Amino acid sequence: MTNLSVADAIRTRRTVRHYRPDPVPAPILDTLLELAMEAPSSWNLQDRSVVVVAEPAGREGLVWATDGQPQPQEAPVVLVFVAEPHAWRADRTDIFDLARRNQAWNEDFIAGFAAASTEFQQGLAERDLLREYAVKDAMIAATYLMLAATELGLATSPMNGWDEAKVKKVIGIEDRDDLAIALLVSLGYPAESRRHPGRRPHGQTVFRGAYTKPRVEAAR
């Protein structure tokens, strides 16, 4: 096990597409999932879940859903981050009870928080933004997991290029139009070494007070 700082994990993490077949030990996987769920979420809705796909049949299904990408074929684990846009409509008593027990929120705060968060989510619903916010929360959790995996000596790949309907079918939610797939993340021990390709100078990507990068016109 390595002993990286958060800064070191950020700087050394690379996207890895090829993996050794070695399994991820259950205690390490459990730790990574725990750390992922520590990620913040809008109004503490915790409106994201993770499906662990480790069995060969499930990973073969994700090969199909990702149009043959190598990560599900080689990585011993693929994590599917599911966004839950309607989590705010469900009973949140357990969240409030836990905050009480941890002495983080008092009764006045809970009452005001519950009302304000519901009003906020209703506003998102009116603007058709519920999915966007839930996907953001799931992506933050996925980022936490990738950095934690780097600290523990594992490799990851945040995966694009998948068919949402197919991914849903593989994890058993093909009939759930209330849920969205946010991201797939492969996890395992790397079979390749990836060099850092570099990042643009901050003068091109970091701005103070106002965004000043010139417009890029779409092709006509």
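**Exercise 1. Classify Leu 179 as buried or exposed, then describe its surroundings.**

Solution. The relative accessibility of Leu 179 is 11%, and Leu 179 therefore counts as buried. The cut-off behind this step is under 20% relative accessible area for a buried residue. The model is a predicted one, and the value is computed from it.

Next, place the residue. Leu 179 sits in the loop that links α8 (164–170) to β4 (180–188).

Then list what it touches. Leaving aside residues up to four places away in sequence, Leu 179 is in contact with Val 82, Ala 83, Glu 84, Pro 85, Lys 168 and Ile 173. For one of these, Lys 168, the C-alpha to C-alpha distance to Leu 179 is 9.0 Å, with a separation of 11 residues in sequence.

**Exercise 2. State how many helices and strands the chain has, and give their pattern along the sequence.**

Solution. Count the elements: the chain holds nine helices and four strands. Reading along the sequence gives α-α-β-α-α-β-α-α-α-β-α-β-α.

Add the overall figures. The C-alpha trace spans about 55 × 45 × 45 Å along its principal axes. The chain has 220 residues, of which 40% count as buried. Of the contacts between residues at least 6 apart in sequence, 81% join residues at least 24 apart.

**Exercise 3. Give the order of the strands in the sheet and find which strands stand at its edges.**

Solution. Start with the order: the four strands form an open sheet, β1-β2-β4-β3, and the pairing is antiparallel. β1 (48–53) and β3 (155–159) each have a single partner strand, so they stand at the edges, and one side of each lacks a neighbour in the sheet. On average, neighbouring strands of this sheet are turned by 25 degrees against each other, direction ignored.

Now take the pair β3 and β4. These strands run antiparallel and are joined by five bridges. Two residue pairs help to locate the register: Ala 155 has Gly 188 in β4 as its bridge partner, and Ser 157 is opposite Ser 186 in β4.

Finally, check the burial of β3. Four of its five residues are buried, so β3 is largely enclosed by the rest of the structure. The edge position of β3 and its burial are separate points: one concerns partner strands in the sheet, the other accessibility.

**Exercise 4. Describe how helix α2 (residues 26–36) packs against helix α7 (residues 130–151).**

Solution. Two quantities are needed, because packed helices are described by the angle between their axes and the distance between the axes. For α2 and α7, the axes come within 8 Å and cross at roughly 140 degrees. α2 is therefore oblique to α7. The crossing of α2 past α7 is right-handed.

List the residues that make the contact. From α2 they are Leu 32, Leu 33, Leu 35 and Ala 36, and from α7 they are Ala 141, Tyr 144, Leu 145, Ala 148 and Ala 149. Sorted by class, the contact between α2 and α7 has nine nonpolar residues, no polar ones and no charged ones.

Then relate both helices to the sheet. α2 lies across β1, β2 (77–83) and β4, and runs at about 160 degrees to β1. α7 lies across β1, β2, β3 and β4, and its direction is at about 5 degrees to β4.

**Exercise 5. Identify which residues of helix α3 (residues 56–65) are buried and what they pack against.**

Solution. The buried residues of α3 are Gly 58, Arg 59, Gly 61, Leu 62, Val 63 and Ala 65. They pack against β1, α4 (70–74), β2, α8 and β4. After α3 comes Asp 67, with a positive phi near 60 degrees.

**Exercise 6. Locate Asn 44 and Gln 46, and give phi and accessibility for each.**

Solution. Take Asn 44 first. Asn 44 lies in the loop between α2 and β1. Its phi is near 50 degrees, a positive value in a residue other than glycine. With 28% relative accessibility, Asn 44 counts as partly exposed.

Repeat the steps for Gln 46. Gln 46 is found in the loop between α2 and β1. Phi of Gln 46 is positive, near 55 degrees, and this residue too is other than glycine. Its relative accessibility is 35%, so Gln 46 counts as partly exposed.

Definitions and conventions: Residues are numbered from 1 along each chain as its sequence is written. This is a predicted model: local features need pLDDT of at least 70, side-chain atom pairs count only at pLDDT 80 or more; totals for chains, interfaces and linings use all residues. Side-chain values use heavy atoms; hydrogens and water are left out. Axes are lines fitted to C-alpha atoms, for helices over the stretch in contact, and angles run from 0 to 180 degrees between N-to-C directions. Angles under 35 degrees count as roughly parallel, over 145 as roughly antiparallel, 65 to 115 as roughly perpendicular and the rest as oblique. A crossing is left-handed if the near helix is turned anticlockwise from the far one by less than a right angle, and right-handed if clockwise. Contact means heavy atoms within 4.5 Å. Ala, Val, Leu, Ile, Met, Phe, Trp, Tyr, Cys and Pro count as nonpolar, Asp, Glu, Lys and Arg as charged, and the others, Gly among them, as polar. Buried means under 20% relative accessible area, exposed over 50%, partly exposed in between (1.4 Å probe, protein chains only). Two strands pair if DSSP finds at least two bridges between them.
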